[in-house]
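Reader: Please take me through this model by question and answer, with the cut-offs behind each term.

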Amino acid sequence: MTDPLAELQRCHLDRLEQRYAEVLSRLGHDGVLMYSGHPARHFGDDQPTDFQAYGHFQHWTGQTYLAQSWLLVCPGKRPILYLHAPDDFWHLPARLPQEAW
């Protein structure tokens with residue numbers, strides 16, 4: 001038996017792929033690269049503001065808090081997610097949920 005939520009997510013991604021392929025073809029582009037965005041800094045402070053990823057990035061990934069990450073979408077190819085994951089003391093490693101994505 002298949003998971004109904006996973007099936008809905010797969011249908012959502014299939015529709016996004018189809019629509020993006022149509023628009024990219026019409027515009028003559030090979031693909032699109034979406035940036036998730038980054039948190040702004042408070043003036044005079046080293047702490048960032050609350051962060052929420054760019055809407056189109058979220059629409060594809062469902063991930064709200066993946067700052068400084070990129071998603072490459074090219075028609076006919078599997079989308080590629082590039083995670084910002086510096087190997088240092090100050091950054092927690094990015095973790096993705098176990099989903100059909």
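The exchange below goes from the overall fold to the sheet, the salt bridges, one threonine and a surface patch.

Author: This is a predicted model, in which local features need pLDDT of at least 70 and side-chain atom pairs count only at pLDDT 80 or more, while totals for chains, interfaces and linings use all residues. Residues are numbered from 1 along each chain as its sequence is written, and side-chain values use heavy atoms, with hydrogens and water left out.

Reader: What pattern does the protein follow along the sequence?
Author: Helices (H or I, at least four residues) and strands (E, at least two) are taken as DSSP runs, numbered from the N terminus. The protein has two helices and three strands. Read along the sequence, these elements give the pattern α-β-α-β-β.

Reader: Which strands are the edge strands of the sheet?
Author: Two strands count as paired if DSSP finds at least two bridges between them. The open sheet has three strands in the order β1-β2-β3, with antiparallel pairing. Each edge strand pairs on one side only, and the two are β1 (32-35) and β3 (80-82).

Reader: Which residue in β2 does Met-34 stand opposite?
Author: The strands β1 and β2 pair in the antiparallel sense over four bridges. Strand β2 covers residues 70-73. Within β2, the residue opposite Met-34 is Leu-71.

Reader: Which residues are linked in a network of salt bridges?
Author: A salt bridge here is a side-chain nitrogen of Lys or Arg within 4 Å of a carboxyl oxygen of Asp or Glu, and a search of the whole structure finds two. In one, the side chains of Arg-10 and Asp-14 meet at 2.8 Å, N to O, both residues lying in helix α1 (residues 4-27), four residues apart, about one turn of the helix. In the other, the side chains of Glu-17 and Arg-10 meet at 3.2 Å, N to O. The network therefore links Arg-10, Asp-14 and Glu-17.

Reader: Is Asp-14 buried or exposed, or does it fall in between?
Author: Buried means under 20% relative accessible area and exposed over 50%, with partly exposed in between (1.4 Å probe, protein chains only). Its partner Arg-10 has a relative accessible area of 33% and is partly exposed, and Glu-17, at 28%, also counts as partly exposed. Because its relative accessibility is 39%, Asp-14 counts as partly exposed.

Reader: Which backbone nitrogen does the side chain of Thr-61 reach?
Author: Thr-61 lies in helix α2 (residues 55-61), and it is buried, with a relative accessible area of 3%. A polar contact is a pair of N or O atoms within 3.5 Å; within protein, one must be able to donate a hydrogen and the other to accept it, and residues adjacent in sequence count only if both atoms are side-chain atoms. The side chain of Thr-61 reaches the backbone oxygen of Phe-57 at 2.9 Å. At 3.1 Å, that side chain also reaches the backbone nitrogen of Gln-63.

Reader: What is the area of the nonpolar surface patch made by Leu-33, Trp-70, Ile-80 and Tyr-82?
Author: Patches are made of residues with over 30% relative accessible area and no salt bridge, like charges being joined within 9 Å and nonpolar side chains (Val, Leu, Ile, Met, Phe, Trp, Tyr) within 5 Å. Trp-70, in strand β2, counts as partly exposed at 35% relative accessibility. With accessible areas from the Shrake-Rupley method (1.4 Å probe; for residues, only the protein chains shown count as cover), the patch comes to about 380 Å².
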